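Welcome to a short set of exercises with worked solutions. Keep the viewer open, try each task yourself, and then read on.

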Amino acid sequence: MKSHCFAEYRCAYEITSSVISYRWFTPAAEIELCGHGTLATAFILAQFYEPNSNRFVFHTLSGILTVLKKQNLFEMDFPNRLPESFALTQDMVDALGVTPIETYLGRDLMFLLENEDQVRQLTPDFSKLKQLTDGLGVNVTAQGSQFDFVSRSFFPKLNVNKDPVCGSAHCNLIPFWAGRLGKNELVARQASPRGGTLYCRLEGDRVVMGGTAVLYATSELHLDHL
């Protein structure tokens, strides 16, 4: 068993005969899908364990997820999870600190805001977000100027107030914006302070999102005497 920490999440994987069993853990609970952890693990495998491979297949709680390495870009194949329209409540407005123009619910709550400045400048009340009865996380989004759309993600129920770049959120965002903008290839920006750019495609009941990764640190643990 090998494990690596990425941001506020811990990812664990086990390789047996090229089958990669994969799980994700937050500070509060195990989750069924995590994008940046998947990308980071594919990067580690490509760097240190399978340098001649350009395709990595993970068996997860969300089914089989595939990551393709294309030069310095890693493309993740994830499920399409188009959220459904949902009723806005005053508790949601109080928690966000702004009134969204549309509200949706999938695994997470998703709020469409008027413009990207609202997304970038949003300062939600995390204690109130944590008390919302609907949704695991909260995603806010708006159409972008330099990008097709921008977003931010918050998961206080998992003790992760701000998710820097959330792949699972884009399982909702990609089909939503593909339908809204009338195109299946999009460039997205997670507008958090530690954000990132995602190169996205809608492919039927799947979404593809690509991003890059860099090596931050390496370490060795010596456990012989424990």
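**Exercise 1. A loop residue**

Between which strands is the loop where Gln71 lies? Then decide whether Gln71 counts as buried or exposed.

*Solution.* Bear in mind that you are looking at a predicted model.

- Step 1: Find strand 6, which covers 63–70, and then strand 7; Gln71 sits in the loop between them.
- Step 2: Look up the relative accessibility of Gln71, which is 71%. The cut-off for exposed is over 50%, so Gln71 counts as exposed.
- Step 3: Turn to the backbone. Gln71 has a phi near 60°, which is a positive value in a residue other than glycine. As background, most residues other than glycine have a negative phi.

**Exercise 2. Another positive phi**

Find the loop that holds Asn159 and describe its phi and its exposure.

*Solution.*

- Step 1: Asn159 belongs to the loop between strand 12 (149–155) and strand 13 (160–163).
- Step 2: The phi of Asn159 is near 60°, a positive value in a residue that is not glycine.
- Step 3: The relative accessibility of Asn159 is 44%. Partly exposed covers the range between 20% and 50%, so Asn159 counts as partly exposed.

**Exercise 3. The chain as a whole**

How many helices and strands does the chain have, and why can it be called as compact as a globular protein of its length?

*Solution.*

- Step 1: Count the elements: there are five helices and 16 strands.
- Step 2: Compare two values. The chain has a radius of gyration of 18 Å, and the globule rule gives 17 Å for 226 residues; these are close, so the chain is as compact as a globular protein of that length.
- Step 3: Picture the outline. Along the principal axes, the C-alpha atoms fill a box of roughly 55 × 40 × 30 Å.
- Step 4: Look inside. Of the 226 residues in the chain, 47% are buried.
- Step 5: Look at the surface. The chain exposes about 11,500 Å², and carbon and sulfur atoms supply 48% of that area.
- Step 6: Check the contacts. Take those between residues at least 6 apart in sequence: 58% of them join residues at least 24 apart.
- Step 7: Place the charges. The chain has 20 positive and 24 negative charges, and their mean positions are 3 Å apart.

**Exercise 4. Aromatic pairs**

How many aromatic pairs does a search of the whole structure find? Classify the pair Tyr22 and Phe58, and then the pair Phe43 and Phe74.

*Solution.*

- Step 1: The search finds seven aromatic pairs.
- Step 2: For Tyr22 and Phe58, the ring centres are 4.9 Å apart and the planes meet at 40°, so this pair is tilted.
- Step 3: Locate the partners. Tyr22 is in strand 3 (residues 19–25) and Phe58 is in strand 5 (residues 55–60), so to speak two distant parts of the chain, 36 residues apart, that the pair links. Both Tyr22 and Phe58 are buried.
- Step 4: For Phe43 and Phe74, the ring centres are 6.1 Å apart and the planes are at 75°, so this pair is edge-to-face.
- Step 5: Phe43 lies in helix 1 (residues 35–49) and Phe74 in strand 7 (residues 73–79), so the pair ties together parts 31 residues apart in sequence.
- Step 6: Check the burial. Phe43 has a relative accessible area of 10% and is buried; Phe74, at 3%, is buried as well.
- Step 7: Look for a group. One aromatic cluster is formed by Tyr104, Phe149, Phe176 and Trp177.

**Exercise 5. Exposed residues and distances**

Which residues does Ser85 touch, not counting residues up to four places away in sequence? Then describe the setting of Gln121 and of Pro193.

*Solution.*

- Step 1: Ser85 lies in strand 8 (residues 84–85) and counts as exposed at 62% relative accessibility. Ser85 touches Thr103 and Tyr104.
- Step 2: Gln121 is part of helix 3 (residues 116–121) and is exposed, with a relative accessible area of 57%. Gln121 and Ser192 are 71 residues apart in sequence, while their C-alpha atoms are 9.5 Å apart in space.
- Step 3: Pro193 is in the loop between strand 14 (185–190) and strand 15 (196–203). At 75% relative accessibility, Pro193 counts as exposed.

Terms used
Residues numbered from 1 in each chain as written. Predicted model: local features only at pLDDT ≥ 70, side-chain atom pairs only at ≥ 80, totals over all residues. Heavy atoms only, no water. Helix = DSSP H or I, 4+ residues; strand = E, 2+ residues; numbered from the N terminus. Rg over C-alpha atoms; globule rule 2.2 N^0.38 Å. Buried < 20%, exposed > 50% of the residue type's maximum accessible area, 1.4 Å probe, protein only. Contact = heavy atoms within 4.5 Å. Areas by Shrake-Rupley, 256 points an atom, 1.4 Å probe, with all protein chains shown as cover. Lys, Arg positive; Asp, Glu negative; His and termini not counted. Charge placed at Lys NZ, Arg CZ, Asp CG, Glu CD. Phe/Tyr/Trp six-rings, centres within 6.5 Å; stacked < 30°, edge-to-face > 60°.
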